[in-house]
Amino acid sequence: MFHPGNAWLDMDGAPIQAHGGGILHHENTYYWFGENKDGPTKIMPNNLHRIDAIGVSCYSSTNLYDWHHHGVVLPAVQDDPDHDLHTSRVIERPKVLYHAPSQRFVMWMHVDNAVYSYARVGVAIAEQPTGPYRYLHSLRPFGYDSRDMTVFQDDDGRAYLIFSMQHNHTLMIGQLSDDYLNTQGASVSQFVGQYREAPAVFKHAGRYYMVTSGCTGWDPNEARWAVADTMLGEWALRGNPCRGPQAELTFGAQSTFVLPLHNSPFPFLFMADRWQPLSLSESRYVWLPLYFKENEMVIPWQEAWQWQPAAQPLLSIG
Ligand code: GAL
């Protein structure tokens, strides 16, 4: 069962360190990538709470409950203070796509300095989902600053970067290049002046959906959902999809990813982070069902819940 907000241990008995994460479903295995925050929280002079960068963790599972740790598959850099991934910096919200033509795994992440003024997006690649990932470069997508972000891969293989830009004033959606290593092509601005961040994007019945948070740092706020007919079309910002206690604060959490669930009564899994600003390493995961009722997105609070795992193939004997 999922127990949203409870401590969650991996198969070695260690607390899972995969914050601001996302899941790649590849060849019947789920790979969960996220920020490893297994260090002491520091309070900076400007009251920003941070952990020195450690890197991106990877876990794998076939049932979404039991997670094997594959270590830090993109580690922070110790000895070069000018490197994007230096421990003094910020590595957040990593997401991995599979690029079928090259059979490579491409990781996109928010890279920043300790005061969040570098505001770029970083790209790394690997031959295997579990890495090791090789850091390629960072960029200012379409020339803009980029903070909270995610990536989305459509059924036709086209991929998109979705990022908060202009100091979070506007959310931008833009195409990735064919090799997924850069941004290139069309882009559109959405939710101008609405200050939305923590985007999680998915597709359902031919339309595109997004959950975002407001901008209150590590503190929770009200989520909103949005819908569009095409990724680069007009996105309509709708209401709060959360239902239940603390629904107006996203159950004390902040969106990070939405995973389609196959063979489940719940079509989607909503993933959120319940940040602990005083001890960021102890931030928890809030995973809840997401579904649609009368064309409204709904994320109901659950103390504990199960999704139905895909039927295992029968063993043939003899
Ligand atoms: C939040 C953001 C997190 C992290 C945090 C730092 O607004 O969603 O990913 O950047 O600010 O304060």
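Let's start at Pro132, which sits in the loop between strands β9 (120-126) and β10 (134-139). What is the peptide bond from Gly131 to Pro132, cis or trans? In this predicted model, that bond is cis, and its omega is near 5°. For context, most peptide bonds are trans.

Now please scroll back along the chain to another loop, the one between β5 (55-61) and β6 (68-75), where you'll find Leu64. Leu64 isn't a glycine, yet its phi is positive, at about 75°. Again for context, most residues other than glycine have a negative phi.

Okay, let's zoom out. You may have noticed that I keep mentioning strands. How many helices and strands does the protein have? The count is zero helices and 23 strands. Along the principal axes, the C-alpha atoms fill a box of roughly 60 × 45 × 45 Å. And what about the radius of gyration? A compact globule with 318 residues would come out near 20 Å, and the protein has 18 Å, so the value agrees with that expectation.

Next, the ligand. Which pocket does it take up? The ligand fills the space of the second largest pocket. Looking around it, you'll meet Glu92, Arg93, Tyr116, Asp148, Glu197, Gly217, Trp218 and Gln254. Sorted by class, this shell has four charged residues, two polar ones and two nonpolar ones.

Let's follow some of those side chains in. In Glu92, a side-chain N or O atom is 2.7 Å from an oxygen atom of the ligand. Gln254 places a polar side-chain atom 2.9 Å from a ligand oxygen. For Arg93, the distance from a side-chain N or O atom to an oxygen of the ligand is 3.0 Å. And how much of the ligand does the protein bury? Taken alone, the ligand exposes 310 Å², and the protein buries 91% of that.

That's my tour, so thanks for listening!

Methods. Residues numbered from 1 in each chain as written. Predicted model: local features only at pLDDT ≥ 70, side-chain atom pairs only at ≥ 80, totals over all residues. Heavy atoms only, no water. Near = heavy atom within 4 Å. Polar contact = N/O pair within 3.5 Å; in protein donor to acceptor, adjacent residues only side chain to side chain. Areas by Shrake-Rupley, 256 points an atom, 1.4 Å probe, with all protein chains shown as cover. 1 Å grid on protein atoms, 1.4 Å probe; cavity = no way out; pocket = protein on both sides within 12 Å on 5 of 7 lines; lining within 4 Å. Sits in = over half its atoms within 2 Å of the grid points. Nonpolar A, V, L, I, M, F, W, Y, C, P; charged D, E, K, R; others polar. Helix = DSSP H or I, 4+ residues; strand = E, 2+ residues; numbered from the N terminus. Rg over C-alpha atoms; globule rule 2.2 N^0.38 Å.
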